[in-house]
Amino acid sequence: MKLTTSEALVRWLLAQRSETLAGAEVPLFPGVFAIFGHGNVLGLGTALSRFRDELPVWRGHTEQGMALAATGFAKATDRRQVGVVTSSIGPGALNMVTAAGVAHANRLPLLLLPGDTFVSRAPDPVLQQIEPFGDATATVNDAFRAVSRYFDRITRPEQLVSTLPQVARVLTDPADAGPVTLALPQDVQAEVFDFPDSLFETVVHRVPRPRPDTRELAAAVAALRASERPLLVLGGGVRYSGAASRALHFASRHGIPVVETTAGRTLVPHDHPLHGGPLGVTGSSSANALAAEADLVLAVGTRLQDFTTASWTVFGPDVKLVTLNAARFDAVKHGALAVVGDADVALAELDLGEWQADPSWTGRAASERARWDSHVSSLRSASGDPTYAQVVGVVNDLSAPDDYVMTASGGMPGELIGGWRGGGSGSASMDVEYGFSCMGYELAGAWGAAMALPDRVVTTLLGDGSYLMLNSELYSAAFAGHPFVAVVCDNDGYAVIARLQEGQGGEPFNNQYANCRTVHAEPPRVDFAAHAESLGCVVFPASSVAELRTAYAQAREAAVSSRRPAVVVIRTRPDAWTESGAWWEVGVPESLSGRPDYESGKSRQLRHTARP
């Protein structure tokens, strides 16, 4: 079949199918996000135009925003479908590097197709070509190597035959999932080759479920049975495996308290008697109290990053660690007893017989969480100007069980992770992008989630800093007709970083607008409501918690009926936060008042756990 490189690539994308957690067959690549330029408009752009009826193409307004939308899409489909993003060469390509970092840190599949400079080099230097002095083969796309799970530069059409199976492998393998970059030189995009017909035969990709090694499993069983106060930690791998029900059955059978990581949040019903809450810095004092006393931690599907472990101070000094993970890279960290395999399969085979944890330990989950719930309730009912905790409470109260809530950066992750009450449907209803904490993901990622979940209400919560960082995809979503609700909390700047700065004894500097350099006696303020309305959104301002209830309820209805984003804007306090009490390591100079706490935290920090 004689095709251009671009036509062959598009035909291959169309032939790939995927099986969802529920067993349904869907397109692996259901759509493409594109901004065209001289590096892709006539090659890949022509091919996408030819197949536009079979493969929808969505026009965005920043390459980073499009790639973040594709990342949010993949998360909302539990990694069963993959967004594709193409850009021109040069700045269009480099704009996607940040989003590749987001996908890489969060283990989310993403296919990036940046244009590249001419392989022939005949017109060099072309527009947007940087010409590295010491390496004639390098282009700006080499910047993707550090943030790609798989990278290739297609310099001949026939290379697709060998590289495309590897692309599919990485995007669908639970151990390797992450961004794939195929750099496409613009002259090669238009070259013709006689491709084998078999390359375009339909393939259904079913995510593998590797069984654990029997010896690793036996060692984990022995370690668990020898423990007295075990704790089960559920991460994102439990979500992507569809193993939430299996994990709760395992915990219930053996009386093991359960806590969640950021990526595993909302897998456990909030009021489940074994639910201890979310773990870590942005988690709850209840989960952290359990972690401090546990003698063994079974961590399933998590890489145990610093916010989850309070920079490795949340566990007791003698804790034993058993990790169950699809990726051996993550399973072997921190001296853990590693069990490598699919979460659902491995938990089914982790047979402890009739063994039970001590009933007094089992009961600690509910009692500790009750204290935390009482604390959060008091924050939600406080008087005075609106706080983040109250915003989360309103959204929580008015949301349906199958709604999908999101955030990414600033102070909102701590409020949403620590304060949200819900979950238990067997699938996650929350996306907190706290692997990379990318400002701007809140709006772009919500566009992708709204595409993936057309029958559910998607709500994203963000601060004014994130809104100003990347808001252009509000117009993309409004134009395309993908509705979601955005709740914008205006607290005059980068308030959570100001909290970190001042809380460690630093002077207020360059975070809140009041502490930034300006020549104006009265600096201009952003009218977020007017701005969002100018981008095609329906807007609902609020000035109190009572008004927020009305505004958010109206926004939910308006988003669905208008098929546009609905934006709620409210002023919030910059100095009120939900605190878990956990420590987080940041570099504190000796001259600041926070240095003693830093040294105290370092003294409690685990470098390597005792092997079970």
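This is a short selection tour of a predicted model.

**Stop 1: a three-stranded sheet**

Select β2, β3 and β11. They form an open sheet in the order β3-β2-β11, with mixed pairing. Color the edges next: β3 (25-27) and β11 (203-205) each pair on one side only. Neighbouring strands in this sheet are turned by 40° against each other on average, direction ignored.

Now zoom in on β2, residues 16-19. Three bridges join β2 to β3, and the two run antiparallel. For a landmark, show E19; E25 in β3 stands opposite. In general, strands of a sheet pair through backbone hydrogen bonds, either parallel or antiparallel.

**Stop 2: the helix across the sheet**

Add residues 5-15, which make up helix α1. The helix lies across β2 and β11, and runs at about 25° to β2. Is α1 mostly covered or mostly open? Mostly covered: nine of its eleven residues are buried. Show side chains for the buried set: T5, S6, E7, A8, L9, V10, W12, L13 and A15.

**Stop 3: a nonpolar patch**

Switch to a surface view and select F36, V41, L42 and V57. These residues make a nonpolar surface patch of about 350 Å². Then pick V41 alone. This residue lies in the loop between β4 (32-34) and α2 (44-50). V41 counts as partly exposed because its relative accessibility is 34%, and that class lies between 20% and 50%.

**Stop 4: parallel strands around β16**

Select β16, residues 320-325. Five of its six residues are buried, so the strand is largely enclosed by the rest of the structure.

Add β15, residues 296-300. It runs parallel to β16, and five bridges join the two. Here A299 stands opposite T323 of β16.

Next add β17, residues 337-340. Four bridges join β17 to β16, again in parallel. Find L324, then its bridge partner in β17, V339.

**Stop 5: A370 and G276**

Finish with helix α16, residues 364-380, and pick A370 within it. Is A370 buried or partly exposed? A370 counts as partly exposed because its relative accessibility is 42%.

Now select G276 as well and draw a C-alpha to C-alpha distance. A370 and G276 are 94 residues apart in sequence, yet 9.0 Å apart in space.

Conventions
Residues are numbered from 1 along each chain as its sequence is written. This is a predicted model: local features need pLDDT of at least 70, side-chain atom pairs count only at pLDDT 80 or more; totals for chains, interfaces and linings use all residues. Side-chain values use heavy atoms; hydrogens and water are left out. Patches are made of residues with over 30% relative accessible area and no salt bridge: like charges are joined within 9 Å, nonpolar side chains (Val, Leu, Ile, Met, Phe, Trp, Tyr) within 5 Å. Accessible areas come from the Shrake-Rupley method with a 1.4 Å probe; for residues, only the protein chains shown count as cover. A salt bridge is a side-chain nitrogen of Lys or Arg within 4 Å of a carboxyl oxygen of Asp or Glu. Buried means under 20% relative accessible area, exposed over 50%, partly exposed in between (1.4 Å probe, protein chains only). Two strands pair if DSSP finds at least two bridges between them. Axes are lines fitted to C-alpha atoms, for helices over the stretch in contact, and angles run from 0 to 180 degrees between N-to-C directions. Contact means heavy atoms within 4.5 Å.
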